[in-house]
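Visitor: I am new to this structure and would like a close look at a single part. Please take me through the places where the ligands sit, and what lies around them.

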Amino acid sequence: MKRLLMLCLTACILMLSVSAFAVGPHDMECMECHSTHYAKGDYAVGVKPIFSENPARTRVSANIVDIDALCIGCHNEEEGILPVNMHTTHPTGITPTYTKVPRQLLKDGVFSCVSCHNPHPSNANYKYLIMPTAEGGNMGTFCAKCHPNQSDPESVAAAQAIKLNVDGTGAPIVKVKAAAE
Ligand code: HEC
Ligand code: HEC
Ligand code: HEC
Ligand code: HEC
C-alpha cells in the first residue's frame, strides 16, 4: 500500500514537472496530431478525423469538415477530452459574410476552429486563442477582432492594436490527398 502511494506520488510529481514546462496541454512531440507519413485524413495528421453528421448547422454541408473534423477527432464525448458539441458551438466551417475576419485566420477561405485557436505548443495564450485575453478576463477584445460592428469603440481599438498569434500567412493548406466527398 505504502509502495503504491509512493508510486502515485512520483507519477504526480513527474506529471506536474512535465506540465510546468509545457505551453498548454497539447502534445509537444507533435506526433499526436501530425503523422509525417501516414495521414488519416486530408492533412498530414495522425488523428482519425470525425466527419459526424451535423444536422443543426446552416450554411454548411451536413457534415463537419476539414480541420474541424480533426479537432473533433479528440474533443468528442467518447474520448472525453473537453468535448465540443457542434450543435451548440459558435459557427465554423463557413465562409464569413458580415464579420470582419482577418484574412490570415481563414484556411482556404473557410472559418474554422483554427480561426479562433492556434493549437500549437508555441502559442502560450489562454485556451490556445489566437490573441491574449488576460487569461479569459478580456473576451470583449477578442470578440471585437471579428465583430467590430457589435463591439464598443474601446474594445475595437484594443483589438486592432493586438498582434495575432498565427503561424501561417493564410496560404492554402497543402492537402495530402483529395478532400473526402
Ligand atoms: C492539437 C493538434 C496539433 C498539434 C499538437 C500540432 N499541430 Fe501542427 N497543425 C495542426 C493543424 C490543425 C494545422 C493546420 C492549421 C493551422 O495551420 O493552424 C497544423 C499545421 C502545421 C504546420 C503547417 C504550417 C502552419 O502552421 O499552417 C506545421 C509546419 C506544423 N503544424 C508543425 C507542427 C509541429 C512542429 C508541432 C509540434 C511542436 C505541431 N505542429 C503540433 C495541429 C497540430
Ligand atoms: C490528439 C488529440 C487532440 C487533438 C487532435 C486536438 N486536441 Fe485539443 N486538447 C487535447 C488534450 C489532451 C487537451 C487537454 C485536456 C485537458 O486539459 O483535460 C486539449 C486541450 C485543448 C484546449 C484547452 C487548452 C487549455 O489551455 O485549457 C483547447 C482550446 C484545444 N484543445 C483546442 C483544440 C483545437 C482547436 C484542435 C484542432 C486544431 C485540437 N484541440 C485538437 C487533445 C487534442
Ligand atoms: C469564435 C471563436 C471560437 C471558435 C470558432 C472556436 N472556439 Fe473553442 N474556444 C473559444 C473561446 C473564447 C474559448 C475559451 C472559453 C472560456 O474558457 O472562457 C474556447 C475554448 C475551447 C476549448 C476548451 C474548453 C474548456 O472547457 O476548457 C476547447 C477544447 C475548444 N475551444 C475547442 C474548439 C473546437 C474543437 C472548435 C471547432 C469546432 C472551436 N473550439 C472553435 C473560441 C472559439
Ligand atoms: C476570428 C473571428 C471571430 C471571433 C474572434 C469571434 N467571432 Fe463570432 N462570428 C464569426 C463569424 C465568421 C461568424 C459567422 C457570421 C458571418 O457570416 O460573418 C460569427 C458569428 C457570430 C454570431 C452569430 C451566430 C449566428 O447564428 O449567425 C454570434 C452571436 C457571435 N459570432 C458571437 C461571438 C462572440 C460572443 C465572440 C467572442 C467570444 C465571437 N463571436 C468571436 C467570427 C468570429
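**The ligand surroundings**

Guide: Start with ligand 4, in what is a predicted model. Around ligand 4 there are 18 residues, and those that come nearest are P96, T97, T99, C143 and C146. Two elements give two or more residues to this shell, namely helix 3, residues 113-116, and helix 4, residues 139-146. Helix 4 gives the most, with five residues. By type, the shell around ligand 4 holds twelve nonpolar residues, five polar ones and one charged one.

Next comes ligand 3. It has 16 residues around it, of which C71, L82, H90, C113 and C116 come nearest. Helix 2, which spans 66-74, and helix 3 are the elements that each supply two or more residues here. The shell around ligand 3 has seven nonpolar residues, seven polar residues and two charged residues. Both domains take part: domain 1 (25-90) and domain 2 (95-168) each provide at least three residues to the shell around ligand 3.

Ligand 2 has 20 residues around it, and P25, C71, C74, C113 and H117 come nearest. The elements giving two or more residues to this shell are helix 2 and helix 3. Helix 2 makes the largest share, five residues. In the shell around ligand 2, 13 residues are nonpolar, five are polar and two are charged. Ligand 2 lies between domain 1 (25-90) and domain 2 (95-168), because both domains give residues to its shell.

Some residues recur in these lists. C71 is among the nearest residues to ligand 3, and C71 is also among the nearest to ligand 2. C113 likewise is listed among the nearest for ligand 3 and for ligand 2. Helix 3 recurs as well: it gives two or more residues to the shell around ligand 4, to that around ligand 3 and to that around ligand 2.

Helix 2 can now be looked at by itself. This helix is mostly covered, with eight of its nine residues buried. The buried residues are D66, I67, D68, A69, L70, C71, I72 and G73. C71, then, is a buried residue of helix 2 and one of those that come nearest to ligand 2. Helix 3 is included in what covers the buried residues of helix 2.

Helix 4, met above at ligand 4, also has a helix packed against it. Helix 4 and helix 5, residues 153-161, pack at an angle of about 75 degrees, and their axes are 8 Å apart. The two helices are therefore roughly perpendicular to each other. On the side of helix 4 the contact includes G140, T141, A144 and K145, which meet S155, V156, A158 and A159 in helix 5. The residues of this contact divide into four nonpolar, three polar and one charged.

Last, the setting of these parts in the chain. The chain has five helices and zero strands, and its elements run α-α-α-α-α from the N terminus on. Of its 181 residues, 19% count as buried. Among contacts between residues at least 6 apart in sequence, 46% join residues at least 24 apart.

Conventions
Residues numbered from 1 in each chain as written. Chains lettered and ligands numbered in written order. Predicted model: local features only at pLDDT ≥ 70, side-chain atom pairs only at ≥ 80, totals over all residues. Near = placed C-beta within 6 Å. Helix = DSSP H or I, 4+ residues; strand = E, 2+ residues; numbered from the N terminus. Nonpolar A, V, L, I, M, F, W, Y, C, P; charged D, E, K, R; others polar. Domains from an automatic or database assignment. Buried ≥ 20, exposed ≤ 12 C-beta atoms within 10 Å, placed from the backbone. Contact = placed C-beta atoms within 7 Å. Axes fitted to C-alpha atoms, helices over the stretch in contact; angles between N-to-C directions. Parallel < 35°, antiparallel > 145°, perpendicular 65-115°, else oblique.
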